[in-house]
Amino acid sequence: MKDCVLIKDLFPLYKEELLREEAAKILKVHFKECENCRKGYERYCKKEQEKEEIIRKKQEEKDRGFLKLLRSYRKIFRFLVGTLAILTVTLSTLLFLFAALVINGGWAKRSKDIADYPEILTKEQNMRTGFFVFPKTLGEEIVDSTFDYYYKDTLFDPTISVFLQVTYKKEGYEAEVKRLEEVKKTQSGEVKLLLRDDGENYPYSAYIAVENHNYSYEYALLSGKHQITYIYTLHVPREKIKFDTKYLPSDYMTEEGRAFGSGYSIYRANKGESVISYDYNREE
Ligand SMILES: [Zn+2]
């Protein structure tokens with residue numbers, strides 16, 4: 001029985017095979033002889049196994065919990081990335097629209113309705129030019145008319161073109177030509193008349209208020225029997241002209257040859273070196 005107590009204390013070392021060979025042999029022999037110790041050892045082994053099992057299960061649970069946490073983090077991460085992507089797309093779309101609308105001036109405006117002519121004439125007159133060559137009103141002396149107005153705002157300068165073609169009754173035509181002959185601008189003592197071109201540079205006899213000055217053109221063409229074609233363009237190269245290009249002068253600015261032109265302008269008077277500023281007063 002004394003041996004049995006010692007043997008019992010050696011169970012852990014024996015199970016883990018940590019005993020010296022001779023000691024292990026003693027235990028082996030004892031187990032054969034002593035049923036009590038043999039069964040005791042079996043119980044010990046079983047208990048140890050159960051303990052290990054519990055530890056393993058606990059570890060597994062821990063691992064599962066960790067995986068679960070990881071998966072939920074991943075879900076949150078994916079959600080955040082998705083939201084961020086949507087936000088980015090939305091923001092860039094808004095930015096693009098903002099650029100298109102506010103910075104780039106929005107969509108182009110176009111009208112072919114002659115009824116819009118008086119309003120456009122007044123509006124543009126306050127902005128860029130005096131429309132000296134254009135008729136102020138379209139009265140009863142008109143037989144037919146074609147109108148095409150285009151306006152596109154940009155970051156710096158708007159792109160504008162006004163095309164007006166009018167066929168007059170005989171008297172109306174004669175009165176209109178007379179008016180064009182007499183249009184003049186006085187600035188600081190300098191009197192300017194509309195420039196004349198008898199079909200050399202222009203396709204028809206032309207009365208010119210602005211010719212390649214600051215990217216602008218403004219002129220009237222005697223384009224047919226009792227017909228006058230009035231044109232105003234600003235920042236529109238030949239390639240982007242909206243009306244028939246046959247009404248343009250031969251040296252009209254092209255996209256490539258687009259440079260700040262200092263050609264003729266009835267609105268400007270040069271005095272010495274300095275340039276007198278714009279004055280659109282039609283009544284002068
Ligand atoms: Zn024993």
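This section describes the domain arrangement, the helix H4 and a strand hairpin in a predicted model.

The chain is divided into domain 1, covering residues 2-70, and domain 2, covering residues 109-275, and the C-alpha centres of domain 1 and domain 2 are placed 108 Å apart.

Helix H4 comprises 69 residues, from 35 to 103, and at 1.5 Å a residue should span 102 Å, a value with which the 99 Å separating its end C-alpha atoms agrees. Because the number of buried residues among the 69 of H4 is 2, the helix lies largely in the open. After H4 comes Gly 105, which has a positive phi, near 85°.

Helix H1, formed by residues 2-9, is associated with H4 through axes that come within 10 Å and cross at roughly 15°. Since angles under 35 degrees count as roughly parallel, H1 is therefore roughly parallel to H4. The crossing of these two helices, H1 and H4, is right-handed.

Turning to the strands, E6 (residues 195-198) and E7 (residues 205-213) are paired in the antiparallel sense, with 4 bridges between them. Within this pairing, Asp 197 is found opposite Ala 206 of E7. The two strands E6 and E7 make up a hairpin in which 6 residues lie between them, and Gly 199, located in the turn, adopts a positive phi of about 90°. A positive phi is thus assigned both to Gly 105, following H4, and to Gly 199, in the turn of the E6 and E7 hairpin.

How values were computed
Residues numbered from 1 in each chain as written. Predicted model: local features only at pLDDT ≥ 70, side-chain atom pairs only at ≥ 80, totals over all residues. Expected span 1.5 Å × (residues − 1). Buried ≥ 20, exposed ≤ 12 C-beta atoms within 10 Å, placed from the backbone. Pairing = 2+ DSSP bridges. Domains from an automatic or database assignment. Axes fitted to C-alpha atoms, helices over the stretch in contact; angles between N-to-C directions. Parallel < 35°, antiparallel > 145°, perpendicular 65-115°, else oblique. Left-handed = near helix turned anticlockwise from the far one by under 90°.
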